[in-house]
Amino acid sequence: MKIAIPVDSNNENTDVCVSFGRAPYFLIHDTESKKNVFILNEAANAQGGAGIKAAQTVADSKAEVLLTPRCGENAAEVINSANIKVYKSEKGAAKSNIEAFEKGKLSELKEIQPGMHGHNAG
Amino acid sequence: MRIAVLSGKGGTGKTLVAVNLACVADYAQYIDCDAEEPNGHLFFKPQNTEEKIINRLIPVIDETKCDLCRKCVDFCRFNALALIGNKIKVFDKICHSCGGCKIVCPQNAITEKEKRIGKIISGTSENVRVETGMTEVGESSAVPVISALLADKIDVETVITDCPPGCACTVMESIKDADYCVLVAEPTLFGVHNLNMVYELVKAFKKPHGVILNKCVEGIDIAENYCKEKQLKVISRIKFDKELGKLNSDGEIVSRVNAGYKAMFADTLKSIKEEVSHETASDS
């Protein structure tokens, strides 16, 4: 199974990024092979609809689980339609969040943000 | 002559200035482009109003024709389309109605449907033709309503555009066709910060412009000094005045009920028109 996490940088010790849509990279962790792949998030600098584009990238990665501190409503619509389960990540390293998830310590993300659309994109 | 009235923030007196400039003209068209929260009509109370519905076009995907090639998703600058599973999903609110997805679709699987996004209410108030843009609640952008408002040009000498506050896309859309921009600002430090934002905007748009300082109090010269420093023309200074404030908050048009204010705004309109003809002369 693949786990996707929005992260600050493309190295193994990276922290989870505070933003989903505007995260610089996504870490895709394969729970079987234990391999990590970093995908550049092209939505990071998008004019608008960053959440949608970022969610598309996660869906395209074939991840089945997303660990994220937050998720906007448009991104959630894409993620849910792609049957990806969303768990609320904890502050800190991506690595420790993967461990926490595998031990069943993370809970499902319930709160969905209304998003920023229109406020900065115009 | 198309005069746009704008300011870096709400509450500086844009509507006060725009409404009264329209009233002191022989005949004017007043266009309320603050289409998210229009309030000029509260002063004008226009008669014989007519409504026009504003729609925009949103893509519809014919799933029987779509082969999931993804060209539309990759094309969309605003990321309003997503390919999930075996379906293209359209995010209506994110879509800017550019129609590009329909053009790039090799399967001709995309048609467009109309989505109601607002309305224009037109009416008359004495010597002023009043046009008000109203965006539907929940619409993320008022820009299409504003562009529809400004597309309907009628043949009058004076057109006053009451712009939305700030300097976002809605304001840019509102000043596009303006011959002159009036920047309304309060004389405070905060007012100067906001004035600077709209000044940068009209400079970028290369629009002739001047400043009206509102709620002026003796001894506070922050905005005055800023204008001097930037060599900005101050067209008019409206004093902080409880009587004006009271009339205005009662929904009265001050230049229609008080001869002094009428003379003041008539002077201001005259100065603006002289500025515009001066600009036109120096351009040619």
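**Exercise 1. Identify the members of the largest nonpolar core that touch the most other members, and place this core beside the other one.**

*Solution.* Step 1. A nonpolar core is a set of buried Ala, Val, Leu, Ile, Met, Phe, Trp, Tyr and Cys residues joined through C-beta atoms within 7 Å. A residue is buried if 20 or more other C-beta atoms lie within 10 Å of its own, exposed if 12 or fewer, and partly exposed in between, with C-beta atoms placed from the backbone.

Step 2. The largest nonpolar core has 67 residues, and those touching the most other members are Ile3(B), Val5(B), Leu21(B), Ala22(B), Tyr30(B), Val182(B) and Leu183(B). Helix H1 (residues 14-24) of chain B supplies the largest share of this core, eight residues. Helices (H or I, at least four residues) and strands (E, at least two) are DSSP runs, numbered from the N terminus.

Step 3. Another core, of 50 residues, lies apart from it and includes Ile52(A), Ala59(A), Cys76(B) and Ala82(B).

Step 4. The structure is a predicted model, in which local features need pLDDT of at least 70 and side-chain atom pairs count only at pLDDT 80 or more, while totals for chains, interfaces and linings use all residues. Residues are numbered from 1 along each chain as its sequence is written, and chains are lettered from A and ligands numbered from 1 in the order in which they are written.

**Exercise 2. Describe the surroundings of Leu183(B) and the sheet of chain B.**

*Solution.* Step 1. Two residues are in contact if their C-beta atoms, placed from the backbone, lie within 7 Å. Leaving aside residues up to four places away in sequence, Leu183(B) touches Leu6(B), Ser7(B), Leu195(B), Val198(B), Tyr199(B), Val202(B), His209(B) and Val211(B).

Step 2. Helix H7 (residues 189-204) of chain B lies across E1, strand E9 (180-185) and strand E10 (209-216), and runs at about 170° to E9(B). Axes are lines fitted to C-alpha atoms, for helices over the stretch in contact, and angles run from 0 to 180 degrees between N-to-C directions.

Step 3. Chain B has an open sheet of nine strands with mixed pairing, in the order E3-E6-E7-E2-E8-E1-E9-E10-E11. Two strands pair if DSSP finds at least two bridges between them. Strand E3 (47-61) and strand E11 (234-239) of chain B are the edge strands, each pairing on one side only. On average, neighbouring strands of this sheet are turned by 20° against each other, direction ignored.

Step 4. Within the sheet, strand E1 (residues 2-6) and strand E8 (residues 158-162) of chain B pair in the parallel sense over four bridges, and Ile3(B) stands opposite Ile160(B) in E8(B).

**Exercise 3. Explain why Val78(A) counts as buried, and find what covers its helix.**

*Solution.* Step 1. Val78(A) lies in helix H2 of chain A. Val78(A) is buried because 25 other C-beta atoms lie within 10 Å.

Step 2. In helix H2 (residues 73-81) of chain A, the buried residues are Asn74(A), Ala75(A), Ala76(A), Val78(A) and Ile79(A). Their cover includes H1, E4 and strand E5 (85-88) of chain A, together with E4 and strand E5 (87-90) of chain B.

Step 3. Not counting residues up to four places away in sequence, Val78(A) touches Ile52(A), Ala55(A), Gln56(A), Ala59(A), Ala82(B), Ile84(B) and Lys89(B).

**Exercise 4. Characterise the side of chain B that touches chain A.**

*Solution.* Step 1. In the contact between the chains, 17 residues of chain B meet 18 residues of chain A.

Step 2. Strand E4 (residues 81-84) of chain B gives the most to the chain B side, with three residues.

Step 3. Ten residues of this side are nonpolar, four polar and three charged. Here Ala, Val, Leu, Ile, Met, Phe, Trp, Tyr, Cys and Pro count as nonpolar, Asp, Glu, Lys and Arg as charged, and the others, Gly among them, as polar.

**Exercise 5. Locate Lys62(A) and Arg70(B), and state the phi and exposure of each.**

*Solution.* Step 1. Most residues other than glycine have a negative phi.

Step 2. Lys62(A), although not a glycine, has a positive phi of about 65°. Lys62(A) sits in the loop between helix H1 (50-60) and strand E4 (65-68) of chain A. Lys62(A) counts as partly exposed, with 13 C-beta neighbours inside 10 Å.

Step 3. Arg70(B) has a positive phi near 80° and is placed in the loop between E3 and helix H3 (71-75) of chain B. Arg70(B) is partly exposed, with 15 other C-beta atoms within 10 Å.
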